[in-house]
Amino acid sequence: MVEAPETLEGWYCLHDFRRVDWARWKALPENERAAAIQEAVEFLTHTEQHTDAAEGSSALYSVLGHKADLLFLHLRPTPDELNALEGAFARTRLADFTTAAYSYVSVTELGLYEAQARGGATAPEEMRNLPFVQARLKPQIPARRYVTFYPMNKRRGEHENWYTLPMDERRAMMRSHGTLGHKYFGIVQQMITGSVGFDDWEWGVTLFSEDPLQFKKLVYEMRFDEVSAKFAEFGPFLLGVRVQPDELDRLLR
Amino acid sequence: MVEAPETLEGWYCLHDFRRVDWARWKALPENERAAAIQEAVEFLTHTEQHTDAAEGSSALYSVLGHKADLLFLHLRPTPDELNALEGAFARTRLADFTTAAYSYVSVTELGLYEAQARGGATAPEEMRNLPFVQARLKPQIPARRYVTFYPMNKRRGEHENWYTLPMDERRAMMRSHGTLGHKYFGIVQQMITGSVGFDDWEWGVTLFSEDPLQFKKLVYEMRFDEVSAKFAEFGPFLLGVRVQPDELDRLLR
Amino acid sequence: MVEAPETLEGWYCLHDFRRVDWARWKALPENERAAAIQEAVEFLTHTEQHTDAAEGSSALYSVLGHKADLLFLHLRPTPDELNALEGAFARTRLADFTTAAYSYVSVTELGLYEAQARGGATAPEEMRNLPFVQARLKPQIPARRYVTFYPMNKRRGEHENWYTLPMDERRAMMRSHGTLGHKYFGIVQQMITGSVGFDDWEWGVTLFSEDPLQFKKLVYEMRFDEVSAKFAEFGPFLLGVRVQPDELDRLLR
Amino acid sequence: MVEAPETLEGWYCLHDFRRVDWARWKALPENERAAAIQEAVEFLTHTEQHTDAAEGSSALYSVLGHKADLLFLHLRPTPDELNALEGAFARTRLADFTTAAYSYVSVTELGLYEAQARGGATAPEEMRNLPFVQARLKPQIPARRYVTFYPMNKRRGEHENWYTLPMDERRAMMRSHGTLGHKYFGIVQQMITGSVGFDDWEWGVTLFSEDPLQFKKLVYEMRFDEVSAKFAEFGPFLLGVRVQPDELDRLLR
Amino acid sequence: MVEAPETLEGWYCLHDFRRVDWARWKALPENERAAAIQEAVEFLTHTEQHTDAAEGSSALYSVLGHKADLLFLHLRPTPDELNALEGAFARTRLADFTTAAYSYVSVTELGLYEAQARGGATAPEEMRNLPFVQARLKPQIPARRYVTFYPMNKRRGEHENWYTLPMDERRAMMRSHGTLGHKYFGIVQQMITGSVGFDDWEWGVTLFSEDPLQFKKLVYEMRFDEVSAKFAEFGPFLLGVRVQPDELDRLLR
């Protein structure tokens, strides 16, 4: 058995993708629709201010294409709080006109492949308090206009198997991978969440940027990087545009 | 043909995942909803006390994400009793506002790879009466707050094929796997159920803990263990939070 | 091109899996429901007595889990008779409260790998009249309480390919496979149906037993047998409990 | 780059598989149902007589199992005519009680692997006028009682890749394949349609016979033929029974 | 890590595939249907004239088979404009009678494998202004009658992996691929859009022609070209026929 890397975890994360049943929504009388929008604005405002929990971050995005219409993104300290947010949304009137399209359950994660490279030989629990580590584990959703999300695995093929490689080889590949990510520092902000034991893929990747083209540039460039070229398996990709509470009315009218 | 391991089996197990149709449920008049909740509380209480069968165990969980809302977990001596519980739930009013999202049919199993390692060279039928074996075959669902479930296969690839390995190699890998599981003793409780001949994967794994992060730690660490790294194929993962009968009202209002 | 084995075929077989829409069914007035059950009892009784055809066999099972609620199993001399039974069921009132969940179209088959081993060097058309062959090709559904069904293929991988193996190797593996099946003689009754050209997998396997645990024991033991370990690809597994006509009322109330 | 074979194409082909919503259909008042059947009989009669186009052929089949209830099979000179037939059916009353279950868009094709073997060294455009070529490219749907349909690909595996084999090897395998098909001459009639660029698989295969068992015999025997054993990937198989216009009433009552 | 090719991008592209609920649509009173068609004609006319954006191009196609009925194809400078078009369509009355069947989110792309071959050693940002580059990045949807769309990946297999090949090998294969495409110059017009980071496959390919048979000829011939034969993985294929605004009435009556 090869050595498993240590990881630090922070907040639990729910990507809640929803489809809107526009025909039924449009059939709702104008005043009921206005009330439902007002209630949704309040729901979104409260979740963005995480009035349901001491810590956390939330945001809403309008998603392109048929896979979903809306993405409610929530970060909270416990799964219970995410579960409660699901229930709270289900109680809104708007929810009656949506269906669950996809979701992802994960937790912010810092693999110590990388942290050890950046923070030196510190013990994991000391590293947890370093500012850059805290920022990774308890991230405020950045005020960038575009988001893209995809889940992924590391391949366990019959010939190419990430999980049987020696630690050193994995560390070297992760370092090269991290270097490529840093090229986009300030342009694309990455949130890596782990979902082993929680959801169907091993990680979720959520990227934020003011320029959606940079998502393509970054992910394409990474695809030629050894760790992605040989070992990455990708799930669905979903692209969204941020919706502020005061934009909900325009979106849903 | 290589030697197949002996196995001991105990109770049949049904994981019954359900989605709630919130819009229709919320449209139900308040008094009908209260009556339906009361009936569901009684259904859950009776199944937890297995008043339908001499032995068994049941519990309800609230599931995160779009894959399901509820998990009814039932253990009973026969498939007939599980089938009857499906029918009994279908007769409740609450059931009319749910749809089947996923399910898993299996039976508690102890592979004698492991039992032989722990219990010595005892014959299978004598082992059955050992206390630790009874606890594995007729498990009471533990009072832990979190659950995660996933089905899995052992790989039968063209190059890496579990089912053509000599018994000794398989036993050695299973022993190492068990050792890793014991690291989490008292932190994560495991229930292994076999489903060859009953459902689409070969095993179901149900983990219970007070700390959901330990699910991730355990499954991730195991992924580097040879038997998982090379031979495990995983189905969907579903994460839930325990719901006691007296919490149903809060969940469904 | 390697030699293809000769096969004998008998009756066409339809596995018709159905889901019940319990909410709508329960909303039906009591007297209409009673009439629908009575009509279903008559449909089942007539199909079991194959009053629609000179020969055949039929049975109903209650299926565990979300994949289906009911399995109508029909054997008849021609596809036309199976098609007519589909139409006859569609005309019942009960059918209006069910949806098709899955199905399988096949024909009872005896691969002469095995028959040649058991019956000697007889020509195929002479073998057809041997009693054990007739029993395989025109099987009465046994009065066992439990059933399990799964479809399967023989692998055509890039390295392990059943269909390019010499006849002798295939025959030797099939003989070993048959020997293992005979270990369960009297405990598990097997019905092998071929579906090449008719449905999505190459064979259907339907097992009958008074002890469902023996399904697991048999299929698991076979998985270590070379022909299954290396060459079998399995579809979904569905487990059911026999429902006699006079038990339909209890099941559907 | 290896040489691609030349192909000749004829009529476009639509396999339009439909499910019937029996519950809603049966709820229709008797006189409306009779009118809808009459209209469907006229639709079918007109399409069989291809009154919508100068050339073509059409037929209806009743399909076994849950995958579909009906198959409308249409051959016409252009995709526009097929598209118009979809629209014409959508305008019938019967269509309101059906949903699209599956479909396949293709064009009759003669690979010159085979034609060159049968017709000698003629240039493709001269071959087009040979009677056997015309019969393949503009086929009248034969008056056989049974049909089976399946789409397929030639494998492009990492080790076994049809598309990188030299022309000579491919031609030799296709010739052997054709020889096997000729064994069934007069018993099973084959219609090969190409769908590269049109639908999800590379070819559709539609077989017609008076004896459905011969579908199984033919496809199973071919599976041992090298080109199928090593290079064929198969999609779903659907089996149907011919429905003449004057049988529609019996089918739908 | 091997070198990634540079790419130039232009307009964002949405393929919006829709199914029509014909039964509900036909049940709409004649005058409401006429008004809905008129509104849809205006929607289509405005999108074709890109009155919502300074630049862009749009078109509507009628799609063959069960996968979709309509394809709205939109090209615009930003994802926000595509998202707004989705919203604008959702607000039409016709949209209430459609459901999202499939979609694809991408951006027009010129891989500099090819551009460097055609434009010489110019720097990427200088190349952007070359007329043939502008025509590729900001394409007007051609007035051809037929369209076919399919998404694709470059394989990352365990043995054949595009993303680990040296740049020179990839360039040589892309050049050969381009040469084959040029054989169809004037007959089939290609639009290549990149979707890495945006949607589930790496590229979308949209082909336009007056002769749909040429789609088949081109894609089949390319399949024998090394880059496709060894490295292409294809998603669904969808074939459509152009619908001008003044043809909508005929299509939807």
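How far apart do the closest C-alpha atoms of chain A and chain D lie? They lie 12 Å apart, and no contact (heavy atoms within 4.5 Å) joins chain A and chain D. Chain B and chain E are likewise without a contact, and their closest C-alpha atoms lie 12 Å apart. The model is predicted: local features need pLDDT of at least 70, side-chain atom pairs count only at pLDDT 80 or more, and totals for chains, interfaces and linings use all residues. Side-chain values use heavy atoms, with hydrogens and water left out, residues are numbered from 1 along each chain as its sequence is written, and chains are lettered from A and ligands numbered from 1 in the order in which they are written.

The relation between copies was examined by superposition (least squares on the C-alpha atoms of residues with pLDDT of at least 70 in both). Chain B falls on chain A after a rotation of 72° with 0.0 Å of shift along the axis, at an RMSD of 0.0 Å. This is the relation of a five-fold axis. Within chain B, Glu158(B) has the C-alpha nearest the axis, at 6.9 Å. The two copies use different surfaces, as 7% of the contact residues of chain B recur in chain A. For chain D on chain E, the superposition again takes a rotation of 72° and 0.0 Å of shift along its axis, with an RMSD of 0.0 Å. Only 7% of the interface residues of chain D are also interface residues in chain E, so these copies meet through different surfaces.

The interface of chain B and chain A takes 44 residues from chain B and 43 residues from chain A. The buried area (accessible area, 1.4 Å probe, that two parts lose on being put together, summed over both) is about 3700 Å². Carbon and sulfur atoms give 55% of it. Lys216(B), Tyr220(B) and Phe224(B) lose the most area to chain A in chain B, together 22% of what that side buries.

Eight salt bridges (a side-chain nitrogen of Lys or Arg within 4 Å of a carboxyl oxygen of Asp or Glu) cross the interface of chain B and chain A. Lys26(B) and Asp96(A) form a salt bridge through their side chains, with 2.6 Å from N to O. Polar contacts (N or O atoms within 3.5 Å; within protein, one must be able to donate a hydrogen and the other to accept it, and residues adjacent in sequence count only if both atoms are side-chain atoms) link 31 residue pairs between chain B and chain A, both residues at pLDDT 80 or more. Several helices and strands (DSSP runs, H or I of at least four residues and E of at least two, numbered from the N terminus) each supply at least two residues to the side of chain B that touches chain A, including helix H1 (22-27), strand E2 (57-63), strand E5 (146-154) and helix H8 (213-223) of chain B. The largest share, eight residues, comes from H8(B). This side of chain B divides into 22 nonpolar, seven polar and 15 charged residues. Here Ala, Val, Leu, Ile, Met, Phe, Trp, Tyr, Cys and Pro count as nonpolar, Asp, Glu, Lys and Arg as charged, and the others, Gly among them, as polar.

The contact of chain D and chain E takes 44 residues from each of the two chains. About 3700 Å² is buried between chain D and chain E, 55% of it on carbon and sulfur atoms. On the side of chain D, Met1(D), Arg156(D) and Glu158(D) lose the most area to chain E, together 19% of what that side buries. Eight salt bridges are found across this interface. In one, the side chains of Glu9(D) and Lys217(E) meet at 2.9 Å, N to O. Polar contact is counted for 31 residue pairs between chain D and chain E, both at pLDDT 80 or more. Strand E1 (7-20), helix H3 (79-90) and strand E4 (98-111) of chain D are the elements that give two or more residues to the side touching chain E. E4(D) gives the largest share, seven residues. The side of chain D that touches chain E holds 19 nonpolar, 11 polar and 14 charged residues.

Helix H8 (residues 213-223) of chain E is mostly covered, with 10 of its 11 residues buried (under 20% relative accessible area, 1.4 Å probe, protein chains only; exposed is over 50%, partly exposed in between). Among the buried residues of H8(E) are Phe215(E), Leu218(E), Tyr220(E) and Met222(E). In chain C, Arg171(C) lies in helix H7 (residues 167-183). Arg171(C) is partly exposed, with a relative accessible area of 22%. The C-alpha atoms of Arg171(C) and Ile141(C), 30 residues apart along the chain, are separated by 28 Å.
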